[in-house]
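User: Could you take a close look at the salt bridges in this model for me? I would like one connected walk through them, with the surroundings of each pair.

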Amino acid sequence: MQLELFSQGSSPVHRLDPRVKLTVFVPAAVLCASSDRFSTVITLLFAAGTLITAARLWSALLWQRMLVINTFVLFLWLTLPFSMQGTPVMTTGPMTVTAEGMMLSMLITLKTNAISLMTIALPGTTPVMSLAHALQHLGMPSKLVNVFYIFYRYSGVIVTEFETMKQTLKARGFSPATNMHTVRTWASVAGMLFIRSFERAERISSALRLRGFQGQFPLMNHFRATRRDVLFAMVSFCCLTILMFI
Amino acid sequence: MNCLEIHQLNFSYPGGRRVFRDLNLSVQSGEKAALTGANGAGKSTLFQLLTGLLKPQSGSIVAWGKTVTSEEEFRQMRRRTGLMFQDPDDQLICPSVEEDIAFTLLNHGMPPREVAGKVDEICRKLGLAALKTRVPFHLSWGQKQLVSLAGILVTEPQLLLLDEPTAGADDHLKSLMLDHLQQFTGTLLVSSHDSDFLERLCSSAYHISNGSVMR
Ligand SMILES: Nc1ncnc2c1ncn2[C@@H]1O[C@H](COP(=O)(O)OP(=O)(O)O)[C@@H](O)[C@H]1O
Ligand SMILES: [Mg+2]
């Protein structure tokens with residue numbers, strides 16, 4: 001599952017208390033997204049990189065993820081430097097590259113990479129169930145937490161159902177084209193998928209009632225914040241505060 | 001004593017046709033009963049009525065000598081009952097096999113340490129020890145069925161309802177399930193189309209047709 005690609009491991013970062021990871025992650029990401037200073041963003045990028053190192057996550061898989069994210073950033077570079085008002089640095093035909101446009105593109109690139117790395121290093125190193133639990137501990141209503149978790153658990157099942165339906169269509173000689181028949185077929189696939197999901201939801205809710213579900217997922221191993229967790233939280237908050245005010 | 005009695009039960013789905021008409025059924029404590037019937041006869045519906053997941057239009061359900069009607073009474077009854085769904089994906093909700101097997105016991109408020117012991121024991125019995133930390137969603141169909149069976153047996157139910165446990169199971173899984181179910185000492189009601197499986201497991205049989213049950 002996409003959300004849990006990096007969640008298994010025994011590094012110090014993987015072993016941090018999920019509540020601590022979330023309380024550090026949210027302000028750090030907000031600060032990074034809202035800052036317009038290169039020094040702040042670069043520091044956060046560096047910090048995120050350090051966390052990834054500590055989590056022992058530099059791998060082909062990680063680079064591949066980052067490549068995907070940066071493909072989107074590439075589109076930004078194709079437009080923003082040409083469309084911003086400001087000091088021209090280069091002119092090619094009717095297009096003018098401005099210094100402001102270049103700077104802004106650079107800033108957004110750094111921000112994107114910093115936040116992506118942070119997301120992988122902190123929430124990404126936590127199994128989804130623990131993440132859901134941490135959210136609950138941090139005061140998120142249990143209904144929302146359950147929606148988040150159950151969506152995660154069953155999205156895979158629904159995708160599998162969709163794949164099976166596509167296979168069936170193929171086996172029955174359907175090949176998509178731009179015509180009314182294709183549109184109608186896809187519409188009925190969507191409808192079927194909707195009905196099946198609805199029926200499954202009813203069965204899951206029955207199963208939960210049978211199994212004594214009380215509205216909250218029970219946890220076998222409860223979180224226990226250690227001295228390491230407290231230290232990590234304190235150091236992170238100090239750094240974030242300093243970054244906010246310098 | 002009868003473990004389960006159904007008197008004059010009538011049920012139809014909202015807007016659907018009548019599924020049960022004056023249905024009567026009684027199952028003795030310790031009885032191993034087979035439930036047969038064509039597709040759409042109402043086997044799954046009966047299991048849901050018995051556990052209070054669906055409410056009949058009229059009629060009564062008596063479990064262990066007590067009439068169950070209110071949601072609270074059904075909740076108490078469900079604590080002593082295990083129902084295995086046909087599709088294990090409906091039932092396996094936790095992110096790891098171990099947590100899923102523990103789910104019901106934890107919901108019932110058993111201390112985690114005690115739960116862990118019971119989970120270990122049932123995993124050893126059903127040969128699931130190697131799968132404990134796996135994600136249930138990624139298991140094979142047969143493994144999923146075994147895990148959902150484990151999650152039920154671990155609660156030590158007095159009444160076990162199995163809805164087509166043999167659908168999609170291969171011979172190996174069937175004989176594995178037989179081995180464990182034959183050791184089960186409570187009351188058992190199994191629906192299946194596999195007559196060989198039923199013959200080897202059950203001592204009595206009920207057949208649903210046209211909305212009522214025949215012995
Ligand atoms: N949720 C539902 N809504 C309406 N009708 C249903 C629903 N579930 C089952 N039915 C109908 O009730 C009848 C009994 O179904 P079911 O109990 O699933 O049979 P079985 O398990 O014996 O195959 C069938 O005619 C089926 O179409
Ligand atoms: Mg059925």
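Analyst: Happy to! A residue counts as buried when its relative accessible area is under 20%. Please keep in mind that this is a predicted model.

Over all chains, the structure holds 18 salt bridges. Let's begin with one that crosses between chains: R153(A) pairs with D89(B), and their closest N and O atoms are 3.2 Å apart. R153(A) sits in helix α7 (residues 142-171) of chain A, while D89(B) belongs to the loop between β6 (81-84) and α3 (97-107) of chain B, so this salt bridge joins two chains. How accessible are the two partners? R153(A) has a relative accessible area of 5%, so it is buried. D89(B) comes out at 8% and is therefore buried by the same cut-off.

Next comes a pair within chain B. The side chains of E164(B) and K43(B) form a salt bridge with an N to O distance of 3.9 Å. These residues are 121 positions apart and link distant parts of the chain: E164(B) is in the loop between β7 (159-163) and α6 (171-182), and K43(B) is in helix α1 (residues 43-50). E164(B) is buried, at 10% relative accessibility. K43(B), with a relative accessible area of 4%, is buried because that value is under 20%.

Chain B offers another example in K174(B) and D194(B), whose side chains meet in a salt bridge at 2.8 Å, N to O. Here the separation is 20 residues, and again the pair links distant parts of the chain: K174(B) lies in helix α6, D194(B) in the loop between β8 (187-191) and α7 (195-201). Both satisfy the cut-off for buried, K174(B) with a relative accessible area of 18% and D194(B) with 16%. Beyond such pairs, there is also a network: E161(A), R200(A), R203(A), D87(B) and D90(B) are joined by salt bridges that share partners.

For contrast, look at the two domains of chain A, where domain 1 covers 2-134 + 223-245 and domain 2 covers 141-210. Their contact takes 6 residues from domain 1 and 4 residues from domain 2. The C-alpha centres of the two domains lie 33 Å apart. Between these domains there are 0 salt bridges and 0 residue pairs in polar contact with both at pLDDT 80 or more. The domains bury about 490 Å² between them, with 83% of that area on carbon and sulfur atoms. On the side of domain 1 that touches domain 2, the residues divide into 5 nonpolar, no polar and 1 charged.

Technical notes: Residues are numbered from 1 along each chain as its sequence is written. Chains are lettered from A and ligands numbered from 1 in the order in which they are written. This is a predicted model: local features need pLDDT of at least 70, side-chain atom pairs count only at pLDDT 80 or more; totals for chains, interfaces and linings use all residues. Side-chain values use heavy atoms; hydrogens and water are left out. Domain bounds come from an automatic or database domain assignment. Contact means heavy atoms within 4.5 Å. Buried area is the accessible area (1.4 Å probe) that two parts lose on being put together, summed over both. A salt bridge is a side-chain nitrogen of Lys or Arg within 4 Å of a carboxyl oxygen of Asp or Glu. A polar contact is a pair of N or O atoms within 3.5 Å; within protein, one must be able to donate a hydrogen and the other to accept it, and residues adjacent in sequence count only if both atoms are side-chain atoms. Ala, Val, Leu, Ile, Met, Phe, Trp, Tyr, Cys and Pro count as nonpolar, Asp, Glu, Lys and Arg as charged, and the others, Gly among them, as polar. Helices (H or I, at least four residues) and strands (E, at least two) are DSSP runs, numbered from the N terminus. Buried means under 20% relative accessible area, exposed over 50%, partly exposed in between (1.4 Å probe, protein chains only).
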